[in-house]
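Work through the exercises below with the sequence and the 3D view open. Try each task before you read its solution.

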Amino acid sequence: MSLNLIKSIVFSQESKLGRDKGSTKIIAVSKLQPNDRVKSVLESGHRIFGENRVQEASEKWPELKKNFNNVELHLLGPLQRNKVRQAVELFDFIHTIDSLKLAQRISLIAKDIGCCPKLFIQVNTGQEPQKAGVKIEDLKELLGICRELSLPVVGLMCIPPVEEDPYIHFNLLKSLREKYDVAELSMGMSGDFEKAILAGASYIRVGSAIFGERP
């Protein structure tokens, strides 16, 4: 599969659903990908990319951003508290807010440097103890605290359990978006992004389907 093919699938799904073309944005997940592959996608005109680790992104993207304008960079992996300043300075979006302590840390640093990335709260829709994400029953409290801190929470994110139908979890996240009045949904990866679009995804996170298998 290629980026152009993925775009054509996304546009077709949007058309069937009566959504505006381009309303589902494709995050090209470039974690662990060689720079030549990333540059190739940049040269095709794509500008929305995702990374899982702050350290890898900080080594890769400053130089790439010098050579390619208007790059939008998303942090998709867990954010350690000692990496928050680096993440706030580098990323345009952070998708993995899942605790009060992390929200407070971001708030302090954002006030210190005068800017803040847009934020997604990660929800553990499968209630998996080994997985990151706020519990569904704790989402209201965390969202309320983020709003009290004037943090720019724009949406919700989830990673469904591998062994379950992702569509169930995508629809659950959609219902939580409507319940708590947030705008965006970050959900769907290479193997299930079509189901995510059907459930109303605003951002899909696609890696291997664009770049090929990671070395």
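## Exercise 1: A salt bridge between distant parts

Aspartate 165 and lysine 195 meet through their side chains in a salt bridge, 3.1 Å from N to O. A salt bridge here is a side-chain nitrogen of Lys or Arg within 4 Å of a carboxyl oxygen of Asp or Glu. The model is predicted: local features need pLDDT of at least 70, side-chain atom pairs count only at pLDDT 80 or more, and totals for chains, interfaces and linings use all residues. Residues are numbered from 1 along each chain as its sequence is written, and side-chain values use heavy atoms, with hydrogens and water left out.

**Task.** Find where aspartate 165 and lysine 195 lie, and say which parts the pair ties together.

**Solution.**
- Step 1. Locate the partners. Aspartate 165 sits in the loop between β6 (153–157) and α7 (166–180), and lysine 195 in helix α8 (residues 193–198). Helices (H or I, at least four residues) and strands (E, at least two) are DSSP runs, numbered from the N terminus.
- Step 2. Draw the conclusion. These parts are 30 residues apart in sequence, so the pair ties them together.
- Step 3. Check accessibility. Buried means under 20% relative accessible area, exposed over 50%, and partly exposed in between (1.4 Å probe, protein chains only). Aspartate 165 is partly exposed at 34%. Lysine 195 is partly exposed at 36%.

## Exercise 2: More salt bridges

**Task.** How many salt bridges does a search of the whole structure find? Are glutamate 51 and lysine 60 buried or exposed?

**Solution.**
- Step 1. Take the total. The search of the whole structure gives seven salt bridges.
- Step 2. Look at one pair. Lysine 60 bridges to glutamate 51, with the closest N and O atoms 2.8 Å apart.
- Step 3. Read the accessibility. Lysine 60 is buried at 5%. Glutamate 51 is buried at 0%.
- Step 4. Widen the view. Salt bridges that share partners join Glu51, Glu56 and Lys60 into one network.
- Step 5. Take another pair. Glutamate 128 and lysine 131 form a salt bridge, their closest N and O atoms being 2.7 Å apart. Glutamate 128 is buried at 11%, whereas lysine 131 is partly exposed at 22%.

## Exercise 3: The two faces of a helix

**Task.** Which residues of helix α2 (residues 35–43) are buried, and what covers them?

**Solution.**
- Step 1. Recall the rule. An α-helix has 3.6 residues a turn, so residues three or four places apart point the same way.
- Step 2. List the buried residues. In α2 these are Val38, Val41 and Leu42. They cover an arc of only 105° around the axis, which puts them on the same side of α2. The arc is that of the directions from the helix axis to the C-beta atoms.
- Step 3. Turn the helix. The face away from the buried side carries the exposed residues Asp36 and Glu43.
- Step 4. Find the cover. It includes α1 (3–17), β2 (48–51), α3 (54–67) and α9 (208–211).
- Step 5. Go past the end. Glycine 45 follows α2 and has a positive phi, near 110°.

## Exercise 4: Cysteines

**Task.** How many disulfides does the count give?

**Solution.**
- Step 1. State the rule. A disulfide is a covalent bond between the sulfur atoms of two cysteines. The test is a pair of cysteine sulfur atoms within 2.5 Å.
- Step 2. Test cysteine 116. The closest cysteine sulfur, in cysteine 115, is 7.5 Å from the sulfur of cysteine 116, too far for a bond.
- Step 3. Test cysteine 146. The closest cysteine sulfur, in cysteine 116, is 9.5 Å from the sulfur of cysteine 146, also too far for a bond. Cysteine 146 is buried at 0%.
- Step 4. Give the count. It comes to zero disulfides.

## Exercise 5: Positive phi and a contact list

**Task.** Where are asparagine 70 and serine 150 found? Which residues does alanine 28 contact, leaving aside its neighbours within four places in sequence?

**Solution.**
- Step 1. Asparagine 70 is in the loop between α3 and β3 (72–75). Its phi is positive, near 65°, in a residue other than glycine. Asparagine 70 is exposed at 69%.
- Step 2. Serine 150 is in the loop between α6 (139–148) and β6. Its phi is positive, about 60°, although serine 150 is not a glycine. Serine 150 is exposed at 63%.
- Step 3. Alanine 28 lies in strand β1 (residues 25–29) and is buried at 0%.
- Step 4. Contact means heavy atoms within 4.5 Å. With neighbours within four places in sequence left aside, alanine 28 contacts His46, Ile48, Phe49, Gly50, Val206, Ile210 and Phe211.
- Step 5. Pick out valine 206. The C-alpha atoms of alanine 28 and valine 206 are separated by 5.3 Å, with the two residues 178 residues apart along the chain.
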